[in-house]
Amino acid sequence: MNRICLCLTGQTLAENARSVEKHSCDVDLVELRADFLAEHELGALDRFPAMIPVPAILTVRREADGGGYVGPESRRIDLLSKAVSGGYDFLDIEEDLQVSAMEQSLRDRGGRIIRSIHSFSGMVPEIEKRIRGLKRHPTDLPKAAIQMGRTRDLVTLVGLYERLRDLEKILVGMGVASYPLRILAGRLGSYLTFSSLPDRQQAAEGHADPVTLSEIYRYHNIDAETRIFAVIGNPIMHSFSPRIHNRGYSLLGLNAVYLPFQVDEITDFLTLAEMLGIEGASVTIPLKEVVIPHLAAKTDSIAATGACNTIVRQSEGWQGENTDVEGFLTPLKQALEHDRERRPLPQGCKATVIGAGGAARSIVYALRNAGYTVLVLNRTLQRAKDLAEAFGCKASELDRGASESIADHNDLIVQTTSVGMHPDLTGDPLPHYRFRGNEVVYDIVYNPPVTRFLERARKAGCRIIYGKEMLISQAEHQFKLFTGQDYPDPREIDLDF
Ligand code: ATR
């Protein structure tokens, strides 16, 4: 059974009870973190279980274990002891605490002891033995929370899960890197996974909120048969890909989950992928190049662009793809087809690509393959020249004179730089360019949905293509590669920022 536990860090019991009420559909049990309560509430701890409709864990976490309790240990034990009569299902106490009478009193009432270890310095020696040692009574539930920093730590944690398969326990990683394993916690063999309300992440960094866990990742449905896919990069938590892919699985009723992994070392991720049986991954910055030497097979687009944004597990190893190429072209083709009757693009279209980074490289390759003549405009002229030379294009500097340079290459203008991207909302890469109104203008920035540049083009009457369309299109291509099925209702995807 997969259980979501909501950590309650409100200052009053009433506030915590309201949070439980609001999320009672998504959570299976709650942990009252009494160390976050206001002093005047502590005398009433025993009343809390009766205020909520789900089982409760009581924890008074010490500062040394990552909590907020700083008073004397005798008082902490006294608080726990007095609360036992309230009907808590679990009391969380630490490995070093010896409180046999209180433990027995809880057991007599049908409750269980969670005996816990918190390690903020990563894996500790003999961790397996220590976790097994936490079970001092048949009903005890051992718990270990271990800080994860690097991808390698996840490999170690998954190994520990495997060795502790036979033991009923709570085992979780802490920190942002551990996020995907928290979503797999039930499948890996943890009694529960912790979650926090979005505005209350003090309990632990890397907690998902209960709605995200339950509605986006469908935590309760993850089982041994669930197919696992990933998006890897660094940073990664801002990525919209989990929302897009998991939505597709949900609509099609596929038993699959798509998880974000913050990866610092690609080889460690590939080891982890082996251990978890990950079948495919979207690859993003800064891993698109470093993944290439690990591919068993790759498409021509990878060789040409030097970038791989998708890997799919095959029997002979990882197959690499670059769906940015098709993901860029598909919305362009659709926009042109849609509009063909009214305003056809001239034969032998001439395009300008603004920017000369990784994204521009895939786009220039796509445009050249589609028969466009391309001018590359970039702030750093040498990068523009290097890119232009690789694909037989012209190059020019992105400066005040750029408007003249592009006068002969403006059937299509593609914006690939980060100018205009959140939080640079007023940024415009070509502030002096006056749109004629018959250009097709494509900005690959999707946050904000309409950049300043695109807004100017729209006002001038240009046909515009939003960054969201490329984002979704490349994801649709990945979805098909991962699952073999077409993505459902892509136009309905709501990217609210
Ligand atoms: P990506 O893979 O997203 O394309 P990248 O490889 O870092 O990212 O490339 C970023 C692009 O945005 C480059 O073309 C960069 O110009 P430089 O080559 O001169 O660095 C461009 N860029 C970033 N910030 C810019 C700015 N403030 N003005 C103009 N161009 C900018």
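**Note on the predicted model: helix H11, the cores and the six-stranded sheet**

1. Helix H11 spans residues 266-276, and its buried residues are Ile 266, Asp 268, Phe 269, Leu 270, Leu 272, Ala 273 and Leu 276. The model is a predicted one. Immediately after H11 comes Gly 277, with a positive phi of about 70 degrees.

2. Phe 269, buried in H11, also belongs to the largest nonpolar core, which has 87 residues. Together with Val 30, Phe 48 and Phe 261, Phe 269 touches the most other members of that core. Nonpolar side chains tend to be buried together in soluble globular proteins.

3. Which residues does Val 30 contact, leaving aside its neighbours within four places in sequence? They are Cys 5, Leu 6, Leu 8, Val 20, Phe 48, Ile 52, Val 54, Pro 55, Ala 56 and Ile 57. Another core, of 30 residues, lies apart from the largest one, and its members include Leu 329, Ala 360, Val 364 and Leu 387.

4. Six strands form an open sheet with mixed pairing, in the order E10-E9-E11-E13-E14-E12. Its edge strands, E10 (256-262) and E12 (297-298), each pair on one side only.

5. Within this sheet, E11 (residues 278-283) pairs with E13 (residues 310-314) in the antiparallel sense, over 3 bridges. Ser 282 has Thr 310 in E13 as its bridge partner.

6. Helix H18 (residues 467-483) lies across E9 (227-233), E10, E11, E13 and E14 (317-321). Relative to E13, H18 runs at about 10 degrees.

Methods. Residues numbered from 1 in each chain as written. Predicted model: local features only at pLDDT ≥ 70, side-chain atom pairs only at ≥ 80, totals over all residues. Heavy atoms only, no water. Buried < 20%, exposed > 50% of the residue type's maximum accessible area, 1.4 Å probe, protein only. Helix = DSSP H or I, 4+ residues; strand = E, 2+ residues; numbered from the N terminus. Core = buried A, V, L, I, M, F, W, Y, C linked by side-chain atoms within 4.5 Å. Contact = heavy atoms within 4.5 Å. Pairing = 2+ DSSP bridges. Axes fitted to C-alpha atoms, helices over the stretch in contact; angles between N-to-C directions.
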